[in-house]
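Me: I'd like to go through the packing and the charged pairs in this one, so let me put it up here.

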Amino acid sequence: MLTTSPGGALCIGKGNIKIGSALTFSLPSRLTCPGASPWCLRRCYAFRYERLRPSCLDAYGRNLSLSLDADRFTETMVGTLPRGLRGLRIHVSGDFYSALYTNTWIRICQARPDIVFWSYTRSWFSEAIQPSLEVLRHLSNVRLFASTDSTMPLPPAGWRTAFIEEDPRAQGMPCKKQQGHVESCLTCGYCLFSESGHVVFKVH
Ligand code: SF4
């Protein structure tokens with residue numbers, strides 16, 4: 001389910017069965033994923049979802065257009081996210097596609113310290129984007145994981161890492177939702193509210 005800002009330029013997802021009542025923000029997959037490995041591109045669940053739901057792809061495209069105007073994107077996002085919101089998942093689909101775009105998220109997260117923002121990214125693999133991600137991940141209300149798979153190197157030291165189960169290097173807590181132990185990310189809270197610890201996902 002999607003809700004939009006006045007004028008429809010910004011489309012916010014109303015969560016899903018995994019995330020719970022947190023809100024989500026997404027961009028078109030692949031096009032905005034400069035750190036994606038061939039392994040990731042072959043298995044991209046977001047790409048499959050977009051093909052099944054063209055209206056979502058259209059909404060993600062509008063989000064991308066808005067994000068190209070950093071000031072307008074910041075103002076719209078900051079003004080649209082409701083008071084009392086516990087968490088916003090950045091990028092159920094898509095990723096941090098440039099340093100400029102990542103810097104815009106730094107502004108948004110700083111402007112809304114009342115919200116926890118969390119995300120999993122492969123853009124750490126881009127030398128051009130990684131410095132901005134380093135700033136973003138150190139904000140007190142941001143939980144940012146570096147995603148990897150067995151075809152990618154390990155992320156730099158200090159990053160919380162999201163592993164794939166089949167990766168022999170995988171270490172950390174198996175995702176509680178995928179294990180059937182919790183109803184949603186909000187009831188689990190491990191990725192959002194803990195400040196350390198890796199996570200291990202099964203392949204979608
Ligand atoms: S470990 Fe918990 S918070 Fe993290 S993705 Fe799984 S259910 Fe969500």
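Me: How many residues are in the largest nonpolar core, and which have the most contacts inside it?
Reply: The largest nonpolar core (buried Ala, Val, Leu, Ile, Met, Phe, Trp, Tyr and Cys residues joined through side-chain atoms within 4.5 Å; buried is under 20% relative accessible area, exposed over 50%, partly exposed in between, with a 1.4 Å probe and protein chains only) has 33 residues, and those with the most contacts inside it are Phe25, Phe73, Met77, Leu88, Trp105, Phe117 and Leu136. This is a predicted model, where local features need pLDDT of at least 70 and side-chain atom pairs count only at pLDDT 80 or more, while totals for chains, interfaces and linings use all residues. Residues are numbered from 1 along each chain as its sequence is written, and side-chain values use heavy atoms, without hydrogens and water.

Me: OK, switching to charges: how many salt bridges are there?
Reply: Searching the whole structure gives eight salt bridges (a side-chain nitrogen of Lys or Arg within 4 Å of a carboxyl oxygen of Asp or Glu).

Me: What does Arg122 pair with?
Reply: Arg122 forms a salt bridge with Asp149, their closest N and O atoms being 2.6 Å apart, and both residues are buried.

Me: And Glu195, what is its partner?
Reply: Glu195 pairs with Arg143, with 3.8 Å between the closest N and O atoms.

Me: Are those two buried or exposed?
Reply: Glu195 is exposed at a relative accessible area of 65%, whereas Arg143 is buried at 10%.

Me: Which residues form a network through shared partners?
Reply: Arg83, Arg112 and Asp114 are joined into one network by salt bridges that share partners.
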